[in-house]
Amino acid sequence: MEKSCSLLVHFDKGTPALANEIKEALEGNDIPAKIDAMKNAIMLLLNGETLPQLFITIVRYVLPSEDHTVQKLLLLYLEIIDKTDGKGRVLPEMILICQNLRNNLQHPNEYIRGVTLRFLCRLNEVEIIEPLIPSIMSNLEHRHPYIRRNAILAVMSIYKLPQGEQLLVDAPETIEKFLSTEQDASAKRNAFLMLFNCAQDRAVNYLLTNVDRVSDWGELLQMVVLELIRKVCRTNKAEKGKYIKIIISLLNAPSAAVVYECAGTLVSLSSAPTAIRAAANTYCQLLLSQSDHNVKLIILDRLNELKSSHSDIMVDMIMDVLRALSSPNLDIRRKTLDIVLELITPRNVNEVVLTLKKEVMKTQSGELEKNGEYRQILIQAIHSCAIKFPEVASTVVHLLMDFLGDSNVASAMDVVIFVREIIETNPKLRVSIISRLLDTFYQIRAARVCSCALWIIGEYSLSLSEVESAIATIKQCLGDLPFFSISEDEEAGDSSKKPQQATSITVSSRRPAILADGTYATQSAASETAFSAPAVVQGSLTTGNLRSLLLTGDFFLGAVVACTLAKLNLRLEEVQPSKIELNKASSDALLIMVSMLQLGQSSVLPHPIDNDSYDRIVLCIRLLCNTGDAVRKIWLKSCRESFVKMLSDKQLRETEEIKAKAQISHSQPDDLIDFYHLKSRKGMSQLELEDEVQDDLKRATGEFVKDADDVNKLNRIIQLTGFSDPVYAEAYVTVHQYDIVLDVTVINRTKETLQNLCLELATMGDLKLVERPQNYTLAPLSSKQIKANIKVSSTETGVIFGNIVYETSNVLERTVVVLNDIHIDIMDYISPAVCSDTAFRAMWAEFEWENKVAVNTTITSEKEFLDHIIKSTNMKCLTAISALEGECGFLAANLYAKSVFGEDALVNVSVEKQGDGKLNGYIRIRSKTQGIALSLGDKITLKQKGGS
């Protein structure tokens with residue numbers, strides 16, 4: 001069994017020094033050689049060597065040395081050697097050491113005294129310490145603070161030993177007197193720490209006596225005071241009021257660390273609005289004053305916790321939190337906006353949106369890296385404000401429309417989706433949005449943004465002037481027809497390429513595209529811009545943007561242009577009285593569509609038009625040649641209706657989630673409620689009263705942290721050995737993010753005493769044992785609780801296995817009982833999360849690990865199977881409920897979860913009902929790391945059958 005160790009030194013195992021060489025160097029007079037020899041000896045000892053022959057050499061040649069480094073190394077050597085024999089008795093040769101230590105404690109040099117006192121803090125042998133006590137106590141009165149502060153630490157360590165109270169009977173009293181006269185900040189802190197650990201009542205007494213001076217004490221002492229307050233208030237809640245006053249007085253301390261600790265302590269102890277407001281204010285001040293990004297992120301985490309428990313107070317702090325946007329770090333900005341968006345109310349929405357608008361304007365000027373990404377986050381934030389509070393939309397929509405031509409395609413895409421939603425939810429803004437969109441349409445450089453903008457133009461241009469200017473804008477952006485001349489077509493066969501082809505961004509490959517439901521579709525490379533990251537066409541604005549994109553072979557956009565023209569012409573029939581104008585517009589539209597088809601079938605472009613786009617353009621041509629009422633209804637009304645339904649679905653889902661969150665808190669029917677008005681208020685400050693009221697309210701609404709469900713606890717107990725084994729063991733497994741704690745109960749079932757009983761554990765996967773459990777002696781039929789800590793470094797299923805080893809008095813060899821394996825479940829690390837469809841598809845395309853699991857289940861309903869998978873994998877279904885309704889014999893859905901390590905897990909379920917009523921299909925899991933993909937796959941394979 002390995003010994004506990006208080007010393008860690010890096011040791012390069014290249015060429016270990018030999019004991020003889022070390023001995024020779026120690027016997028010589030060369031000080032540097034002696035230092036090196038001592039270092040080598042210490043490293044060998046730390047790595048398991050015993051070196052018994054060195055002890056006498058060190059006593060003879062090293063003890064008398066006056067060199068400080070040699071003396072320091074000697075103390076490290078003494079710290080790690082065995083000072084006792086096999087039966088635990090102190091070795092006789094240690095008497096030599098004892099005399100040397102006493103001399104050191106009375107040495108004229110302060111450094112030697114100080115390091116010796118530090119060494120005594122790590123000494124556990126009472127026989128060695130006892131003769132030194134008078135010397136240690138005399139050092140408490142030394143003139144030098146370095147010695148006094150180390151003497152206090154030595155007194156504290158000795159007092160904590162099993163026989164410490166007999167060795168130092170009046171230590172707490174002595175230290176208390178010392179504390180009242182001491183001037184050195186560090187020594188005072190050590191003295192207070194000693195009282196805090198060894199005589200808490202005296203520490204509390206000292207604190208309450210000097211309550212007025214706490215704010216003048218040093219940072220170190222104030223930190224210990226806060227620790228004491230937390231400890232006292234946990235055990236004695238009735239005393240809270242007077243301590244909260246001390247904390248509030250410390251909120252003005254000059255040290256940022258003290259102020260941060262104060263805020264954290266306040267929040268943990270009190271729910272009084274005054275206290276929470278003071279803590280929130282403190283966090284906001286720290287957020288602005290601290291420059292370190294990690295500190296800012298930690299403070300934002302604290303504010304986020306406050307937001308979830310005290311949102312009414314945090315609402316007033318919203319503008320202070322927003323000031324954190326001045327940081328250039330994108331993570332800080334993102335976190336700040338996440339907090340702010342949940343605190344928006346009708347009272348503050350205008351202020352918030354104004355700030356966000358200013359930030360959007362700033363992103364135009366400075367060419368900082370990630371400006372485009374920051375703008376995208378801001379646009380999404382403004383979008384969600386405008387959806388919650390439609391009245392602010394009018395102030396931002398025109399500003400954002402300037403960014404439709406943004407070179408960052410993602411942010412331009414967010415703007416156009418925002419505009420699409422606002423034009424539907426705010427009918428008053430329709431006219432101004434359409435006219436603005438037509439003015440800025442020519443600036444749009446990305447195919448996807450163009451497609452969405454064209455849809456808006458086709459759906460929401462209602463009056464005659466709007467329809468006419470919409471048709472004119474599209475014609476202008478397409479440029480002169482035809483798209484190529486016949487001579488170009490003929491020359492295209494030659495080796496010389498045309499300038500248009502130089503701009504082509506299509507790739508000569510056929511690869512599967514990922515559709516919105518997560519399924520694959522083979523797609524010709526010519527239409528790749530429709531699905532893959534959209535191409536932004538560079539070049540002058542003189543050639544229309546639609547023309548440039550069409551000439552790169554983007555016929556999906558061509559089909560959208562054809563549909564928009566068809567819709568505009570149908571609408572023109574309703575608003576244009578003149579037949580001549582109507583026919584002219586129709587013939588122009590037909591000419592454009594036919595020209596696009598010609599371009600698609602010519603050899604000017606490297607790839608011909610894809611079938612889908614071809615069919616769609618032909619459909620539009622047929623429609624314009626033969627319009628009927630039924631067709632008109634489908635094109636002009638049904639399309640808009642389905643969009644409105646999609647929006648209302650989205651809103652419904654959001655409100656249901658908010659409702660679900662709000663219903664979590666419960667109270668037991670027989671819980672005690674105190675009536676605040678009947679309480680005695682004698683001698684209570686306003687803050688103490690508030691705190692009492694809040695505690696009562698929390699008790700009444702069941703908000704106090706409830707004990708975890710007992711049934712759940714029983715589920716986590718794992719039997720490790722059989723009932724007939726001489727030693728019975730079971731483990732209670734607690735998983736807390738990066739740590740696993742095994743609480744193992746070991747019961748001796750025999751009539752004999754088990755000696756040197758040890759729980760030996762080993763792990764497989766990304767699990768690491770933190771410490772090795774010790775040896776124990778178990779009396780007959782007695783039990784022992786053994787704790788083992790395990791660190792987790794990634795999300796994958798790990799296995800813990802091991803055995804229990806012990807000796808009995810009459811048997812010489814050791815007995816081994818092998819334990820059952822403990823499998824750590826991946827479900828403890830992943831939690832449901834939300835992401836947008838575009839983000840899901842981007843990650844799906846990017847992640848390299850895929851695990852494909854064939855559906856094999858007894859469940860016959862597609863929806864029921866999906867619910868079963870969601871429950872088994874602890875994931876969130878991203879596919880809208882409305883999209884999963886109805887019976888069509890097929891279901892495709894996307895699931896998403898995030899692990900505590902920040903890893904993403906993506907799952908796509910595609911199932912189909914066979915003729916015999918059974919389900920068939922695949923579940924595909926994708927992740928960045930192999931662990932998640934494999935572990936989730938195993939979990940699904942295990943659970944998908946159905947049943948329990």
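**Exercise 1. Work out what share of the residues in this predicted model is buried, and what else describes the protein as a whole.**

Start with burial: of the 948 residues in the protein, 47% are buried. Next, go to the surface, where the accessible area comes to about 47800 Å² and carbon and sulfur atoms own 52% of it. Then count the secondary structure: 41 helices and 18 strands. Finish with the contacts. Take those between residues at least 6 apart in sequence, and 67% of them turn out to join residues at least 24 apart.

**Exercise 2. Take helix 33, check its span against the expected one, and find what its buried residues pack against.**

First, the length: helix 33 covers residues 579-601, which is 23 residues. From first C-alpha to last it reaches 33 Å, close to the 33 Å expected at 1.5 Å a residue. Second, pick out the buried residues, which include Leu582, Ala585, Ala589, Ile592, Met593, Met596 and Gly600. Polar side chains show up in that list too, with Ser586 and Ser595 among the buried residues. Third, look at the partners: the buried residues pack against helix 28 (464-478), helix 31 (545-550), helix 32 (555-575) and helix 34 (611-625).

**Exercise 3. Classify the ring pair Phe840 and Trp844, and place the two residues in their helix.**

The structure holds 8 aromatic pairs. In this one the ring centres are 5.9 Å apart and the planes meet at 20 degrees; planes under 30 degrees apart count as stacked, so Phe840 and Trp844 are a stacked pair. Now the helix: both residues sit in helix 38 (residues 837-846), 4 residues apart, about one turn. An α-helix has 3.6 residues a turn, so residues three or four places apart point the same way. Last, burial: Phe840 has 2% relative accessibility and counts as buried, and Trp844 is buried as well, at 1%.

**Exercise 4. Find a ring cluster, then two lysines that sit over rings.**

For the cluster, follow the ring pairs that link Phe192, Tyr206 and Trp217. For the lysines, begin with Lys231, which lies over the face of Phe196 at 4.9 Å from the ring centre. Then go to Lys852: its charged end sits over the ring of Tyr922, 4.4 Å from the centre.

**Exercise 5. Explain why Cys450 has no disulfide partner.**

Search the whole structure and you get 0 disulfides. For Cys450, the closest cysteine sulfur belongs to Cys477, 7.5 Å away, and a disulfide needs sulfurs within 2.5 Å, so that's too far for a bond. Cys450 is also buried, at 0% relative accessibility.

Terms used
Residues numbered from 1 in each chain as written. Predicted model: local features only at pLDDT ≥ 70, side-chain atom pairs only at ≥ 80, totals over all residues. Heavy atoms only, no water. Phe/Tyr/Trp six-rings, centres within 6.5 Å; stacked < 30°, edge-to-face > 60°. Buried < 20%, exposed > 50% of the residue type's maximum accessible area, 1.4 Å probe, protein only. Lys NZ or Arg CZ within 6 Å of the ring centre and 35° of its normal. Expected span 1.5 Å × (residues − 1). Contact = heavy atoms within 4.5 Å. Areas by Shrake-Rupley, 256 points an atom, 1.4 Å probe, with all protein chains shown as cover.
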